[in-house]
Amino acid sequence: MTVSGATPRFRLLVQVPGPTQDVWRRAFAAALPEAAVAAWPDVAAPPDYAAVWKPPVELFERCPGLQAIFNLGAGVDALLATPTLPAATPIYRLEDAGMAEQMAEYVTLAVLRAYREVDAYAEQQRDRIWQPRRRRPKAEFGVGILGLGVLGQAVAAALQPFGFPVAGWSRTRRTVAGVTSYAGDDELGAFLAGTRVLVCLLPATAATVDLLDAATLSLLPRGAEVVNIARGSLLVDADLLALLDAGHLARATLDVFRDEPLPATHPFWHHPRITITPHTSAVTRVDASVAQVAARLRRLADGLPIGGRVDRNRGY
Ligand code: NAP
Ligand code: GLV
């Protein structure tokens, strides 16, 4: 039954790890008064749809009749790795839903920190050195964005007013105003060679895992910086450390890691030229995410097309 006691139009199961699950359930129930909304593990009445984040394997075993699965995040790597995931059920992911603005803030901060040499001036301040530094020409300060999808394009747009040359690399060629487009493996080298700050916003797939290793990172110009806000599995930790210690790379700003939380013994914690944030570059916003999924669920229930469909063969 729905809140009003009427027969529900459809049943939605909500699953989110930890104590916020009930916040999500209530938000979905408020956004979809015509639906019956339950929270995992309450599957007494079989759900038609599930909205999930990193679901336990039992969820799909206990919900065999799902018509669609909504991933409560942009990246679907964890969901696709769930061994019980039904093979044919359509999967939809969040697109932006409040994350693009946050990514734009994070990357703008990292790029301006690098360009305006905030860390070098902090060192000078420690030694009471009053010494203006030569400002590098912007033309030599290219920002390269790996992944020109929803978030990569938003980051590119946010950087436009500053006048840095902005390039993007994607699987297929993307035409984005003000962005030099590179596509495919053949063009990765040229893209990296012109990149002073490398921003990683690729999905974690079989094709992108370990992409940022010694071979690719060495193609960046000396003094380049790396910003990884995608997934930890794209970056080979030991190779990054070696290139930082050799002076080839100047700094890394890392929001995502192979193991999260980052283990206390990991060398990243103490490296003087690594900045760490705990997977918070873009947090999932309940209101915006629920609004997006609720609107899509209604359209789906009406037999209308919706966005955000994941291509399982591509892995994103
Ligand atoms: P998206 O819209 O699907 O964009 C993905 C981009 O990556 C597309 O441009 C795609 O190319 C490109 N790409 C995929 N595989 C590639 C390959 N093998 N070679 C070259 N380019 C490839 O995804 P999004 O919404 O922007 O999100 C990107 C990722 O950000 C997510 O998958 C997630 O892992 C991460 N993320 C992290 C956080 C955080 O808090 N740290 C938050 C949200 C998302 P095409 O354009 O040709 O398809
Ligand atoms: C967060 O990491 C997401 O993929 O939404």
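**View 1. What covers the buried face of helix 10 in this predicted model.** Here we look at the surroundings of one helix. The cover over the buried residues of helix 10 includes strand 1, helix 1 (21-31), strand 3, strand 4 and strand 5. The buried residues themselves are Ser289, Val290, Gln292, Val293, Ala294, Arg296 and Leu297. At 1.5 Å a residue, the 16 residues of helix 10 should span 22 Å, and because its end C-alpha atoms are 22 Å apart, the two values agree. Follow the chain just past helix 10 and you meet Gly303, which takes a positive phi of about 80 degrees.

**View 2. The five-stranded open sheet and the helix packed on it.** The strands run in the order 2-1-3-4-5, with parallel pairing. Strand 2 (36-39) and strand 5 (91-93) form the edges, and each pairs on one side only. On average, neighbouring strands of this sheet are turned by 20 degrees against each other, direction ignored. Helix 10 (residues 286-301) packs on the sheet, where it touches strand 1 (11-15), strand 3 (49-52), strand 4 and strand 5. The direction of helix 10 makes about 165 degrees with that of strand 4.

**View 3. Strand 4 beside strand 5.** Zooming in on one pair, strand 4 (residues 68-71) and strand 5 are joined in the parallel sense over three bridges. Look for Ile69, which stands opposite Ile91 in strand 5.

**View 4. The seven-stranded open sheet.** This sheet has the order 8-7-6-9-10-11-12, and its pairing is parallel. Strand 8 (179-183) and strand 12 (274-276) each have a single partner strand, so one side of each is left without a neighbour in the sheet. Neighbouring strands here are turned by 15 degrees against each other on average, direction ignored.

**View 5. Strands 7 and 8, with helix 6 lying across them.** Strand 7 (residues 166-170) pairs with strand 8 in the parallel sense over five bridges. Within this pair, Val166 stands opposite Val179 in strand 8. Helix 6 (residues 150-159) lies across strand 6 (143-146), strand 7 and strand 8, and runs at about 165 degrees to strand 6.

**View 6. The second largest pocket and its lining.** This pocket has a volume of about 360 Å³. Its lining is made up of 19 residues, and Asp119, Ala120, Glu225, Ala250 and Arg251 are those nearest the centre. Helix 4 (99-115), helix 5 (118-126) and strand 11 (249-254) are the elements that give two or more residues to this lining. Helix 5 provides the largest share, six residues.

Notes:
Residues are numbered from 1 along each chain as its sequence is written. Chains are lettered from A and ligands numbered from 1 in the order in which they are written. This is a predicted model: local features need pLDDT of at least 70, side-chain atom pairs count only at pLDDT 80 or more; totals for chains, interfaces and linings use all residues. Side-chain values use heavy atoms; hydrogens and water are left out. Two strands pair if DSSP finds at least two bridges between them. Helices (H or I, at least four residues) and strands (E, at least two) are DSSP runs, numbered from the N terminus. Axes are lines fitted to C-alpha atoms, for helices over the stretch in contact, and angles run from 0 to 180 degrees between N-to-C directions. Contact means heavy atoms within 4.5 Å. The expected span of a helix is 1.5 Å times one less than its number of residues. Buried means under 20% relative accessible area, exposed over 50%, partly exposed in between (1.4 Å probe, protein chains only). On a 1 Å grid over the protein atoms alone, a cavity is a set of points where a 1.4 Å probe fits but cannot get out, and a pocket is an open set with protein on both sides within 12 Å along at least five of seven lines; lining residues have an atom within 4 Å of a point. Grid points are joined across faces, edges and corners, and a volume is the space filled by probe spheres set on the points.
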